[in-house]
Amino acid sequence: MNLQNLENSIYKLVTETSTNLPKDVRCAIKKAKEAENAGTRAAMSLDTIANNIFMADDNVSPICQDTGLPTFKIKTPVGVNQIEIKEMIKKAIAQTTADAKLRPNAVDSLTGANSGDNLGEGVPVIKFEQWEKDYIEMKLILKGGGCENKNIQYSLPTELEGLGRAGRDLDGIRKCILHSVYQAQGQGCSAGFIGVGIGGDRSSGYDLAKEQLFRHVDDVNPNEDLAKLEEYVVKTANTFGIGTMGFGGEATLLGCKIGVMHRIPASFFVSVAYNCWAYRRMAVNINAETGEIMEWHYQDGEKISFEEEAKAETKQQGEVVKLTAPITEEKIRSLKVGDVVQISGRMYTGRDAIHHHLMSHDAPVDLDGQIIYHCGPVMAKDEDGNWTVKAAGPTTSIREEPYQGDIMKKFGIRAVMGKGGMGPKTLAALKEHGGVYLNAIGGAAQYYADCIKSVDGVDLLEFGIPEAMWHLGVEDFTAVVTMDSHGNSLHADVQKSSLEKLADHAERVF
């Protein structure tokens, strides 16, 4: 095999997966847009998502800044050298990272050090299988941490919040899948897709669940019972009112695919792999002799470009509040849940490492009145050696719940921004201190990168590019107030109402 051709083919696969959503996913998002009520926060979010899809494709830049953990599933003819394929994958991954098509995401679990090239122990994930065809099938999924963290596994029988007992039968499986959608809320960047694995052991069940994510959105399960369950789950989940980004609305789930395998008598697992709207999976057939791509998967039907949506201005709900840091407590307390804000001026990124550091250290800059953005951007240097932002959407904020309230009070921070909301400790601190939580649109990494007009500095770069504190100059950076200084939380309200709707399905035997 020509290894240079193979490396080039893998490079194209990784780039395409990171920057260009497949046709079936675009179609599902378009249907969600058409079904949403105009003028709502959910409609605004879907407009932003559509705009972002076009920008990522047009710029050949990551759709979402969290390019996830690359997972390859490969089928090879008998006799093909899998060791050589693995080496070419590593080379292609390192090069796409250097070219800012992937964010450096490989972190040593013991030291916290980022390898910088997405290579490390067990990274990327590569799984081989032999088959009797004469070509190589190579599948790739880039599944970010926000949706990966909302994966869930159930051991039946079990008791489920809102649904009661789930037994070892099809109805128990139904309850588990519905609960998996409820528990994700907006933290997994809904509207999402789920893959479900029934049976197996704990590891093979999750592997089966993730394998379902490679199925086409519109395919029909050959098992009649599972086909009916897949259709039922999507229809029912969209009555929960969780909606896009957890803002409420009509679109909560865009697809459900279920696989089944045998199990041992003592164990009955239902494993769910949750995937965000930025459903980045692609596959190619590769000539086993030349190393060149023969065919791309997921290319059926017309490609929806979302170019018209990108040209149109994103629809805002009601009046827009302009914010420029430093922000006064009086200004913050005038904001309420549901307000749409646009930020101009300076803000600072801060994720897990920064929050942990600030608990026991001074801040590298004066944060009084400032905005902290939960974001791990994709960064690159231009020809003059200056940092530029390639992708910059929000990360899931709930990970900072143990720290956030204390850090806001310690340093005088007035606003934190991320996605998915935060918990009661942060909500109490917002009320006491005078602060707000701003929800940006998860996955909209190109849309927000376009709002960043300058990189004015960086601190704590030793934590790695995603975890450093970047000083960003922004203009009209749009977000929604979802937790205010008066004790109100849209996230808590949506979770409560969706639990009530979930409970309506407790006694409905499938």
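Three elements, β1 (69–77), α5 (145–148) and α11 (352–358), each supply at least two residues to the lining of the largest pocket. The model is predicted. The largest share of this lining, three residues, comes from α5. The pocket has a volume of about 550 Å³. Its lining counts 25 residues, and those closest to the centre are Arg103, Asn105, Val107, Arg351 and Glu467. By class, the lining divides into six nonpolar, ten polar and nine charged residues.

The second largest pocket holds about 480 Å³ of space. Here α2 (23–35), α8 (224–237) and β8 each give at least two lining residues. The largest share, six residues, comes from α2. Val217, Asp218, Val234, Leu254 and Gly255 lie nearest the centre, out of 24 lining residues. The classes are twelve nonpolar, three polar and nine charged.

There are also enclosed spaces. A search of the whole structure finds three cavities of 30 Å³ or more. The largest cavity contains about 130 Å³ of space. Of the 19 residues that line it, Cys64, Asp66, Gly146, Cys189 and Lys419 are the closest to its centre. Helix α5 appears again, with three residues, the largest share of this cavity's lining. The lining has seven nonpolar, nine polar and three charged residues.

| Space | Volume | Largest share of lining |
|---|---|---|
| Largest pocket | about 550 Å³ | α5, three residues |
| Second largest pocket | about 480 Å³ | α2, six residues |
| Largest cavity | about 130 Å³ | α5, three residues |

**Sheets and packed helices**

Strands β2, β1, β3, β10 and β11 form an open sheet of five strands, in the order β2-β1-β3-β10-β11, with mixed pairing. β2 (125–131) and β11 are the edge strands, each paired on one side only. Neighbouring strands are turned against each other by 20 degrees on average, direction ignored. Within this sheet, β3 (residues 135–143) and β10 (residues 280–287) run antiparallel and are joined by eight bridges. One of the partnerships links Ile136 to Ile286 in β10.

Two helices pack on this sheet. Helix α1 (residues 3–19) touches β1, β3, β10 and β11. The direction of α1 makes about 160 degrees with that of β10. Helix α4 (residues 82–98) touches β1, β2 and β3. For α4, the angle with the direction of β1 is about 150 degrees.

Another open sheet has four strands in the order β4-β9-β7-β8, again with mixed pairing. β4 (152–155) and β8 (253–260) each have a single partner strand, so one side of each is left without a neighbour in the sheet. The twist averages 15 degrees from one strand to the next. β7 (residues 192–198) pairs with β8 in the parallel sense over seven bridges. Val196 has Ile258 of β8 as its bridge partner. Helix α6 (residues 170–184) packs on this sheet and touches β4, β7, β8 and β9 (269–275). The direction of α6 makes about 150 degrees with that of β4. Strand β8 thus has two roles in this account: it stands at a sheet edge, and it contributes to the lining of the second largest pocket.

**A long-range salt bridge**

The whole structure contains 27 salt bridges. One of them pairs Asp57 with Lys303, whose closest N and O atoms are 2.6 Å apart. What does this pair tie together? Asp57 lies in helix α3 (residues 41–59) and Lys303 in the loop between β11 (293–296) and α9 (307–311), so the pair ties together parts that are 246 residues apart in sequence. Side chains of opposite charge can pair when their charged atoms come close.

**Backbone exceptions**

Most residues other than glycine have a negative phi, and most peptide bonds are trans. Three places in the loops depart from this. Leu156 and Pro157 are joined by a cis peptide bond, with omega about 0 degrees. Pro157 sits in the loop between β4 and β5 (158–160). Ala325 and Pro326 are also joined by a cis peptide bond, omega again about 0 degrees. Pro326 belongs to the loop between β12 (320–324) and α10 (329–333). Gln185 is not a glycine, yet its phi is positive, near 45 degrees. The loop that holds Gln185 runs between α6 and β7.

Conventions:
Residues are numbered from 1 along each chain as its sequence is written. This is a predicted model: local features need pLDDT of at least 70, side-chain atom pairs count only at pLDDT 80 or more; totals for chains, interfaces and linings use all residues. Side-chain values use heavy atoms; hydrogens and water are left out. Two strands pair if DSSP finds at least two bridges between them. Axes are lines fitted to C-alpha atoms, for helices over the stretch in contact, and angles run from 0 to 180 degrees between N-to-C directions. Contact means heavy atoms within 4.5 Å. On a 1 Å grid over the protein atoms alone, a cavity is a set of points where a 1.4 Å probe fits but cannot get out, and a pocket is an open set with protein on both sides within 12 Å along at least five of seven lines; lining residues have an atom within 4 Å of a point. Grid points are joined across faces, edges and corners, and a volume is the space filled by probe spheres set on the points. Ala, Val, Leu, Ile, Met, Phe, Trp, Tyr, Cys and Pro count as nonpolar, Asp, Glu, Lys and Arg as charged, and the others, Gly among them, as polar. A salt bridge is a side-chain nitrogen of Lys or Arg within 4 Å of a carboxyl oxygen of Asp or Glu.
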